[in-house]
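Colleague: I would like to go through this model and ask what stands behind each label. Please give the value and the criterion each time.

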Amino acid sequence: KLIWDDSEEAFSMSKGLRVTAGSVAIGSTSAMVGADLDIYSTSATMLNIWTNSDAAGAYSVLRLKTVSGGGGGYAKAGIFFEGDGAGGGRGDLHLAVNGTADGSNVALADARLTIRQDGNVGIGDTAPASKVHIKDDAPVTSGALRYSLGITDNATVAAGRGGGIDFLARYSDTGPTYSGYAGIQGYRENATNNNSAGALIL
C-alpha cells in the first residue's frame, strides 16, 4: 500500500519503504542525512544484486559515476562479481576502473584488483596463482631501477629509516603466534635532508 503524507511531502509504504525529497529509505521512516538510499535493519542489512546464471563469465555489477548527466555513460568504476562456472554460485570479485576520458562505461576488462574465490589476490592480474600477484605492464622507472611495488617509511628523517618486508612463520602449534625469521629493508644511511644515500639489508 502506497501512502502520500502531505505534511511531509513524502510517499511511504506499510512494508517499510519511504521516498521523500529525492531520498529513499527502506526499513526506516527517513533516510540518513546525505544519503540518497538508506537501508536499515535491526539485524544484518543486505542488498542483493544478482544475475540469473551460473555460467562461467556471467557477472553482476555495481557501477559508479561522478559526471552529472551523460545519459547511460561515464560510469568509470565498478564492482563486479564474476561466476567461474564451477557451480554453487562461486566466483571472483573484481574492482574495476576505466581510465579513458570519454563517455564509455567501466567493463569487466577494466579490472584492476581481483580477489579469487580461493583467496588469491591479483593486482593487474585477474587470474592470480599465488596469494598476492602483481602484474605491471608499465613499471615505474627511477634511474636504473624499475619497480611495481613501493614500500614507504614515512617517519621523520633519521639514519636507519626505510621500508621493509618481514617474513614470518608460526613458532608454536599451541596458538597462532608468529615470529619474523627473515626480512628485506631499505636502509637510510644518514639524517641529512635531501640526501638519499642508502643501502639494502637482507
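Colleague: What makes strand 8 and strand 9 a pair?

Modeller: This is a predicted model, and in it strand 8 (residues 91-97) and strand 9 are joined by four bridges. Pairing takes at least two bridges between two strands, so the criterion is met. The sense is antiparallel. One of the positions along strand 8 is H94, which stands opposite T114 in strand 9.

Colleague: Which sheet includes strand 9, and in what order do the strands run?

Modeller: Strand 9 belongs to an open sheet of six strands, ordered 6-7-8-9-10-11, with mixed pairing. Strand 6 (59-65) and strand 11 (132-134) each have a single partner strand, so one side of each lacks a neighbour in the sheet and they count as edges. From one strand to the next, the twist averages 15°.

Colleague: Why is I115 called partly exposed?

Modeller: Its relative accessibility is 36%. Buried would need a value under 20% and exposed one over 50%, so I115 falls in between. The residue is found in strand 9, which spans residues 111-115.

Colleague: What does I115 touch, leaving aside its neighbours within four places in sequence?

Modeller: I115 is in contact with D92, L93, N120 and V121. For each of these, contact means heavy atoms within 4.5 Å. A separate value is the C-alpha separation of I115 and V132, which is 9.4 Å for two residues 17 apart along the chain.

Colleague: What makes strand 15 and strand 16 partners?

Modeller: Four bridges join strand 15 (residues 177-188) to strand 16. At least two are required, so these strands pair. They run antiparallel, and Q185 has I201 in strand 16 as its bridge partner.

Colleague: Why are strand 14 and strand 16 placed at the edges?

Modeller: The open sheet here has three strands in the order 14-15-16, paired antiparallel. Strand 14 (164-172) and strand 16 (198-201) have a single partner strand each, so one side of each is left without a neighbour in the sheet. The twist averages 20° from one strand to the next.

Colleague: How many helices and strands does the protein have, and what share of its residues is buried?

Modeller: There are zero helices and 16 strands. Of the 202 residues, 17% are buried, that is, under 20% relative accessible area. The exposed surface is about 14100 Å², with 55% supplied by carbon and sulfur atoms.

Colleague: What share of the contacts with a separation of 6 or more links residues 24 or more positions apart?

Modeller: Such residues account for 20% of those contacts.

Methods. Residues are numbered from 1 along each chain as its sequence is written. This is a predicted model: local features need pLDDT of at least 70, side-chain atom pairs count only at pLDDT 80 or more; totals for chains, interfaces and linings use all residues. Side-chain values use heavy atoms; hydrogens and water are left out. Buried means under 20% relative accessible area, exposed over 50%, partly exposed in between (1.4 Å probe, protein chains only). Accessible areas come from the Shrake-Rupley method with a 1.4 Å probe; for residues, only the protein chains shown count as cover. Axes are lines fitted to C-alpha atoms, for helices over the stretch in contact, and angles run from 0 to 180 degrees between N-to-C directions.
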